[in-house]
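Work through the exercises below with the sequence and the coordinates at hand, and try each task before reading its solution.

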Amino acid sequence: MRDLPAFSDGRLHSLPGEPAWPVREVAVEYDTGWFVGGYDRVEQPDGTEKDYYWAELPPATVVIAVAEDTVLFVEQYRPATRETSHELPAGIVEPGESYTAAAARELAEETGFDPSSTTLLQEVWCSTGVLRHKRGYVFAEGLEPVAAETDSNEFLTPRAVPVADAIDVAREPPTNDATLEGLLIAAHDGLL
C-alpha cells in the first residue's frame, strides 16, 4: 500500500514503517482524492483478527505567528462542528512543500502577513486511534504585510491576540486541539 498513490495529486500513503502485527488485508473503502478511508485486517498478539478502521488525510501545518507581543489567530466557522472558533492559521502541506514553506504560504493567504523566519517546533501524528494524519507546528516571526488571498472555501477574519491572553482565548469553547497544542508547544519552548 505504501507505494500506491493515495491522493489524486500523487502523494503516497503516510505510513511510518513496517507493522509490528501482521496485516492480513488492506481495504480502501472511500477515496475522494483528498481523503482516503478504509481498514487494515490485523492479526493481534493473541492470534485473533480485527479490522482497524482508518482515515488518511494529507499532512497539515499549524502556524504560531508572533508580532509585537501578539499572536495571530483567525476567527473561522467550521461546518464540520457547526461552530465559529478562534484558531491558529493552518492548512494542508502541498506536494513537495515543507511544513515551514506551507506555514509561510498559509499565513500570508489567511492573515495577510509574510514571515521572515519560520521554524518547525514539532511534528506529530494526530488522533492515532483512527487517523493517519501528520501535523507540523511552525513558529513564525518577522511579519510583513502582504495581500491576503484566502481559498474559495475560507471565510475567516484575522485577529491579533495579546501573547499573555493567547492560551486563555484558545481555551474558550469551542476550541480545537491544533490551536491548544501549538500554543502550548511554543510556550514550553519559551517563545510566548
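The exercises that follow concern ring contacts and a pocket in a predicted model.

**Exercise 1.** Classify the ring pair formed by Y39 and Y53, and place it in the chain.

*Solution.* Begin with the total, since the structure holds three aromatic pairs. For Y39 and Y53 the ring centres are 5.2 Å apart, which is within the 6.5 Å limit for a pair. Their planes meet at 50°, and because this angle is neither under 30 degrees nor over 60, the pair is tilted. As for its place, Y39 belongs to strand β2 (residues 36-43) and Y53 to strand β3 (residues 49-56), so that the pair links distant parts of the chain, 14 residues apart.

**Exercise 2.** Decide whether Y39 is buried or exposed, and do likewise for Y53.

*Solution.* Y39 has a relative accessibility of 10%, and because buried means under 20%, Y39 counts as buried. Y53, by contrast, has a relative accessible area of 46%, a value between the limits of 20% and 50%, and is therefore partly exposed.

**Exercise 3.** Identify which residues lie over the faces of Y52 and W54.

*Solution.* Over the face of Y52 lies K50, at 5.5 Å from the ring centre. Over the face of W54 lies R132, at 4.2 Å from the ring centre.

**Exercise 4.** Describe the largest pocket by its volume and its lining.

*Solution.* The largest pocket holds about 1200 Å³ of space. It is lined by 46 residues, of which W34, R78, E87, A90 and I92 are the closest to its centre. Among the elements that give two or more residues to this lining are β5 (70-78), β6 (83-87) and α1 (99-111). By character, the lining divides into 19 nonpolar, 13 polar and 14 charged residues.

How values were computed. Residues are numbered from 1 along each chain as its sequence is written. This is a predicted model: local features need pLDDT of at least 70, side-chain atom pairs count only at pLDDT 80 or more; totals for chains, interfaces and linings use all residues. Side-chain values use heavy atoms; hydrogens and water are left out. Rings of Phe, Tyr and Trp (its six-membered ring) pair if their centres lie within 6.5 Å; planes under 30 degrees apart count as stacked, over 60 as edge-to-face and the rest as tilted. Helices (H or I, at least four residues) and strands (E, at least two) are DSSP runs, numbered from the N terminus. Buried means under 20% relative accessible area, exposed over 50%, partly exposed in between (1.4 Å probe, protein chains only). A charge sits over a ring if NZ of Lys or CZ of Arg is within 6 Å of the ring centre and within 35 degrees of the ring normal. On a 1 Å grid over the protein atoms alone, a cavity is a set of points where a 1.4 Å probe fits but cannot get out, and a pocket is an open set with protein on both sides within 12 Å along at least five of seven lines; lining residues have an atom within 4 Å of a point. Grid points are joined across faces, edges and corners, and a volume is the space filled by probe spheres set on the points. Ala, Val, Leu, Ile, Met, Phe, Trp, Tyr, Cys and Pro count as nonpolar, Asp, Glu, Lys and Arg as charged, and the others, Gly among them, as polar.
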